[in-house]
2 protein chains.
Amino acid sequence: MVDAARPRSATIEDVAAAAGVSRAAVSKVLRNAYGVSDSMRNRVSAAMTELEYRPRVAARAMRGRTYTIGIEIPDFGNQFFTRVLAGTTAALSDTAYQVVIAPAEHGLREGLRAIEALVDRQVDGLIVVSPRLEQSALERIARTTPLVMIGRHSPSEMYDTVAGDDAHGVDAAMSHLVELGHRQIAHLTLHESDPHEDGPHSVRLARYLETMALHGQADDDLVWRSDEGQESACAAVERALQSGSRATALFAAHDELALGAQRAIAELGAELSVVGYDDVPIASHPALGLTTVHQPGDLMGARAVHLLMERFEGRTVAAHEVFKPELRVRTSTRPPSLDG
Amino acid sequence: MVDAARPRSATIEDVAAAAGVSRAAVSKVLRNAYGVSDSMRNRVSAAMTELEYRPRVAARAMRGRTYTIGIEIPDFGNQFFTRVLAGTTAALSDTAYQVVIAPAEHGLREGLRAIEALVDRQVDGLIVVSPRLEQSALERIARTTPLVMIGRHSPSEMYDTVAGDDAHGVDAAMSHLVELGHRQIAHLTLHESDPHEDGPHSVRLARYLETMALHGQADDDLVWRSDEGQESACAAVERALQSGSRATALFAAHDELALGAQRAIAELGAELSVVGYDDVPIASHPALGLTTVHQPGDLMGARAVHLLMERFEGRTVAAHEVFKPELRVRTSTRPPSLDG
DNA sequence: GTGAAAGCGCTAACAG
DNA sequence: CTGTTAGCGCTTTCAC
């Protein structure tokens with residue numbers, strides 16, 4: 001066999017010929033459309049299995065649906081996102097829809113690029129996870145493709161949102177630490193977080209600052225900044241600890257950062273209670289025992305799917321769902337040591 | 001604004017009209033094709049930005065390329081897979097190609113479904129990670145779409161493979177344990193692993209059995225079985241430990257299982273050295289300190305991309321690449337305790 | 001160097 | 001109940 005040209009697979013035309021009917025007829029049985037006799041349906045179905053026929057999504061896309069939901073994910077290292085993903089695929093598993101993921105590692109530009117790649121491929125609906133994309137860009141996209149944004153707080157008229165109640169989550173985390181006796185509580189967040197914005201980390205930071213102010217402990221030294229990822233978080237916490245921070249506890253903006261903080265603490269043999277956010281699966285590992293705020297990522301992902309379905313059904317007014325988080329107390333939080 | 005119909009975005013026709021040229025001309029500047037004057041290129045480019053024109057992938061797909069690489073991932077909870085993914089996206093980041101991921105949680109059937117979904121969407125090339133799909137099914141698919149399989153050992157004439165040298169990796173892990181003084185070494189693997197098959201876990205199991213036979217210690221009691229995921233691994237190890245296993249060390253078929261084993265060990269306060277496989281990022285966390293066999297997932301993903309590119313360029317003979325793994329010794333392995 | 005025109009596989013009126 | 005037909009947006013010969 002010399003230079004086997006890749007064979008083209010069967011088209012609707014081939015099926016029609018094999019079954020001795022018209023293309024339209026085949027298309028109809030394909031779509032379960034009205035007006036096909038049983039005998040015809042059977043002949044056509046037989047021909048389809050016989051020829052291993054699979055409709056070309058691209059050709060369908062030229063007329064209507066692609067039966068594809070696109071989801072943009074910024075970081076597969078963060079298992080909260082993958083839990084959201086699991087929720088969406090589970091919600092879609094018995095439907096005609098297929099999930100397709102566009103990775104968007106490395107920041108904002110990639111996030112937008114991923115979304116546009118999905119739009120170019122004519123997904124029927126879009127689930128967006130990167131929280132810091134410009135609202136105007138999202139709204140432009142939402143004009144052509146139904147979109148649900150996960151995690152961002154300020155609602156838009158143009159798209160749906162699914163978010164956690166971050167103020168509530170922060171309160172739970174902070175009260176827990178305060179009840180244990182901590183007063184000097186640091187907060188580890190991303191460089192970009194800004195209490196005036198509406199992304200989840202910004203909202204958490206804002207609420208943290210309010211709480212500390214209430215206790216008369218607001219202090220810039222207690223806000224530690226890091227890039228995304230455990231390594232950077234570890235380095236940031238090492239720096240803070242080595243420069244003699246008086247913090248006895250740390251509230252991290254999410255578990256990935258908390259895990260990085262735990263690395264630094266273990267390496268330095270320091271005493272510091274840590275609370276995370278999200279409750280990623282590894283957090284419950286007994287060797288880690290990370291106290292954290294549980295977010296039901298799977299439910300949030302599933303809800304996003306249903307919101308999309310409602311849009312397909314014709315809903316035009318924007319929906320905004322909020323999920324309550326829940327503190328999970330483990331071994332990483334203890335009362336402050338007395339020798340402080 | 002009542003019931004705003006979603007606006008359709010600009011087509012090549014619109015751009016042509018705006019620039020005062022023909023559709024063919026626009027298509028040519030789009031593809032950098034031969035035979036366009038500078039003045040025309042400029043006019044057209046201007047019109048494209050002006051109208052925010054984006055070519056529809058579906059329409060392109062009807063004639064040629066989609067500039068899309070599809071990758072099937074069975075389990076986002078396993079960070080080895082996501083590292084492979086990172087390698088592919090990085091390798092593709094400066095090209096015209098876009099990665100698109102189809103999730104395939106829950107076993108074989110889903111794996112095939114995901115792949116076919118990708119084929120239906122006319123990806124130009126396919127990277128497959130689920131190791132247990134039937135070879136015949138893969139070869140059927142490879143006849144129409146270039147495919148590279150990651151992790152499976154037995155080569156195929158029809159598609160390319162990228163795998164780790166698992167025999168070598170197992171040898172490194174086992175020698176390490178033996179040198180520490182362990183003799184009763186258990187192996188934790190999936191229920192489906194079968195020493196006569198060619199998936200990575202099967203190959204690891206086979207090599208483990210050979211090694212144990214060499215040391216005169218082959219024993220069915222030392223092969224522990226589990227489903228995918230930390231929870232199931234934890235339960236399996238608990239069961240084995242509670243039924244009084246005499247093992248002093250455990251070699252797990254991959255890190256996810258090893259992490260689950262560590263859970264059981266911590267919960268039971270048992271003494272058991274554990275070695276994993278893959279070296280997922282969390283393995284190096286000091287609280288876990290998991291000794292494991294490092295596989296360069298990112299390099300493997302990148303290599304897969306390049307193999308695909310070579311296929312696009314016309315290569316027809318199958319390639320099979322092997323990557324050397326490397327033991328990383330951490331704190332989860334110690335000499336057996338003397339009171340055994 | 002540029003444009004006209006055919007056609008990729010499918011859907012959706014519409015006519016029979 | 002079934003078939004004919006007109007595109008969807010793009011690429012690609014092939015004339016001009």
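# Chat about the DNA contacts and the chain interface

Me: Which atom of DNA strand D does a polar side-chain atom of Tyr53(B) lie close to, and at what distance?
Reply: In this predicted model, a polar side-chain atom of Tyr53(B) lies 2.6 Å from a phosphate oxygen of DNA strand D. A polar contact here is a pair of N or O atoms within 3.5 Å, where within protein one must be able to donate a hydrogen and the other to accept it, and residues adjacent in sequence count only if both atoms are side-chain atoms.

Me: What should I keep in mind about the numbering and the filters?
Reply: Residues are numbered from 1 along each chain as its sequence is written, while chains are lettered from A and ligands numbered from 1 in the order in which they are written. Since this is a predicted model, local features need pLDDT of at least 70 and side-chain atom pairs count only at pLDDT 80 or more, whereas totals for chains, interfaces and linings use all residues, and side-chain values use heavy atoms, with hydrogens and water left out.

Me: What does the side chain of Arg63(A) reach on strand D?
Reply: An N or O atom in the side chain of Arg63(A) is 2.5 Å from a base nitrogen of DNA strand D. For the side chain of Ser27(B), the partner is a phosphate oxygen of that strand, at 3.0 Å.

Me: Which elements give two or more residues to the surface near strand D?
Reply: They are helix H2 (23–30) of chain A, together with helix H2 (23–31) and helix H4 (57–63) of chain B, and H2(B) gives the most, with five residues. Helices (H or I, at least four residues) and strands (E, at least two) are DSSP runs numbered from the N terminus.

Me: And how many residues are around strand D in total?
Reply: There are 27, and Arg63(A), Arg8(B), Ile12(B), Arg23(B) and Tyr53(B) come nearest, where a residue is near a strand if one of its heavy atoms lies within 4 Å of it. Sugar and phosphate make up 54% of the strand D atoms that come within 4 Å of the protein.

Me: What about strand C, which residues are closest there?
Reply: Strand C is surrounded by 27 residues, with Arg8(A), Ile12(A), Arg23(A), Arg31(A) and Tyr53(A) the closest, and sugar and phosphate account for 58% of its atoms within 4 Å of the protein. Backbone N or O atoms lie 2.3 Å from a phosphate oxygen of DNA strand C for Ile12(A), 3.2 Å for Arg56(A) and 3.3 Å for Ser22(B).

Me: Switching to the protein side, how much area is buried between A and B?
Reply: About 4,700 Å² is buried between chain A and chain B, with carbon and sulfur atoms giving 56% of it; buried area is the accessible area (1.4 Å probe) that two parts lose on being put together, summed over both. In contact terms (heavy atoms within 4.5 Å), 53 residues of chain A meet 53 residues of chain B.

Me: How many salt bridges are there between them?
Reply: The count is four, taking a side-chain nitrogen of Lys or Arg within 4 Å of a carboxyl oxygen of Asp or Glu. One joins Arg54(B) and Glu116(A), at 2.9 Å from N to O.

Me: How are the two chains related?
Reply: A rotation of 180° with 0.0 Å of shift along its axis superposes chain A on chain B, with an RMSD of 0.0 Å, fitted by least squares on the C-alpha atoms of residues with pLDDT of at least 70 in both. The two copies are thus related as by a two-fold rotation axis.
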